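Open the model in your viewer and keep the selection tool at hand. The tour goes from one selection to the next and says what is there.

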Amino acid sequence: GLVIDGLAASSVTGIEIYSNSAGIGAGIYFLYPGSITNSLIHDHSSGVGVYVPDVVSGASLQNCVIYNNNVGINYSGTGNTVNCDVVNNSTGIISASAVAPIIVNTVLWGNATQYTISGGSLEFANCGIQGGLAGGTDRGGNRTLSATNVADTGPNFTIPSSNLNINAAISPLVDGGIGSFTGVIIPPTDLEGKPRIGILDLGAY
């Protein structure tokens, strides 16, 4: 996978990382604060899609689709996840961080377990979460999603296994986001480079 070490790379955009294997950080391992934007992280059946160890404060994920991993994101350190889709993992997000990672405008859906808090916390603002919040801090604007993609309260992804564009006519992810949140950067464009105009949608697209 990729190690963010503060030397060769601290900010990376437009990558696809998949099918690696490791004990912890199979896809991306943050050893230093940095950011991953507009990227796909998937199919790490062993280990974790994105790992933030406890020595790191300030790891950022923006406009990323994190799917089909054993664990999508594991926060032992802290950071933020903004306008991402964390879908179809065994566990979407794990937090053991004493300082709560901030999750904004993000979709957690189709994971066997959406998120787990183990000795830490998480803060959620304007997220779409299958089954709703089940712990962590509610910072407002969160939406409960059905497990059925095409239900009125489902995300209504075009193809839930591979194409996470949303059916704008009926998806509750439309106009569910916020344009600013203290301590995080809201990306002005989506994963495809299209400008985010007006009230923002949830997720990477």
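The stops below cover a sheet, a strand pair, the salt bridges and a surface patch in what is a predicted model.

**Stop 1: the open sheet**

Show the backbone as a cartoon and select strands β3, β6, β9, β12, β15, β18 and β20. These 7 strands form an open sheet, and β3-β6-β9-β12-β15-β18-β20 is their order across it. The pairing is parallel. Now go to the edges, where β3 (16–18) and β20 stand. Each of these two has a single partner strand, so one side of each is left without a neighbour in the sheet. From one strand to the next, the twist averages 15 degrees.

**Stop 2: a strand pair within the sheet**

Select residues 85–87, which make up strand β12, and residues 107–109, which make up strand β15. The two pair in the parallel sense, over 3 bridges. To find one bridge, pick Val87 and look across to β15: the partner there is Trp109.

**Stop 3: the salt bridges**

How many salt bridges does the structure hold? There are 2.

For one of them, show the side chains of Glu123 and Arg139, whose closest N and O atoms are 2.4 Å apart. Glu123 belongs to strand β17 (residues 123–125), while Arg139 sits in the loop between β19 (137–138) and β20 (143–145), so this salt bridge ties together parts that are 16 residues apart in sequence.

Is Glu123 buried or exposed? Its relative accessibility is 18%, and the cut-off for buried is under 20%, so Glu123 counts as buried. Arg139, at 42% relative accessibility, counts as partly exposed.

Next, select Glu192 and Lys194, whose side chains also meet in a salt bridge, at 3.2 Å from N to O. Glu192 is partly exposed, with a relative accessible area of 42%. Lys194 counts as partly exposed too, at 47% relative accessibility.

**Stop 4: a nonpolar surface patch**

Switch to a surface view and colour Val3, Leu31 and Tyr32. They form a nonpolar patch on the surface, and their accessible area together is about 280 Å². To place Leu31 along the chain, look at the loop between β4 (21–30) and β5 (34–37). Leu31 has 47% relative accessibility and therefore counts as partly exposed.

Technical notes. Residues numbered from 1 in each chain as written. Predicted model: local features only at pLDDT ≥ 70, side-chain atom pairs only at ≥ 80, totals over all residues. Heavy atoms only, no water. Patch = residues over 30% accessible without salt bridge, like charges linked within 9 Å, V, L, I, M, F, W, Y side chains within 5 Å. Areas by Shrake-Rupley, 256 points an atom, 1.4 Å probe, with all protein chains shown as cover. Salt bridge = Lys/Arg side-chain N within 4 Å of Asp/Glu carboxyl O. Helix = DSSP H or I, 4+ residues; strand = E, 2+ residues; numbered from the N terminus. Buried < 20%, exposed > 50% of the residue type's maximum accessible area, 1.4 Å probe, protein only. Pairing = 2+ DSSP bridges. Axes fitted to C-alpha atoms, helices over the stretch in contact; angles between N-to-C directions.
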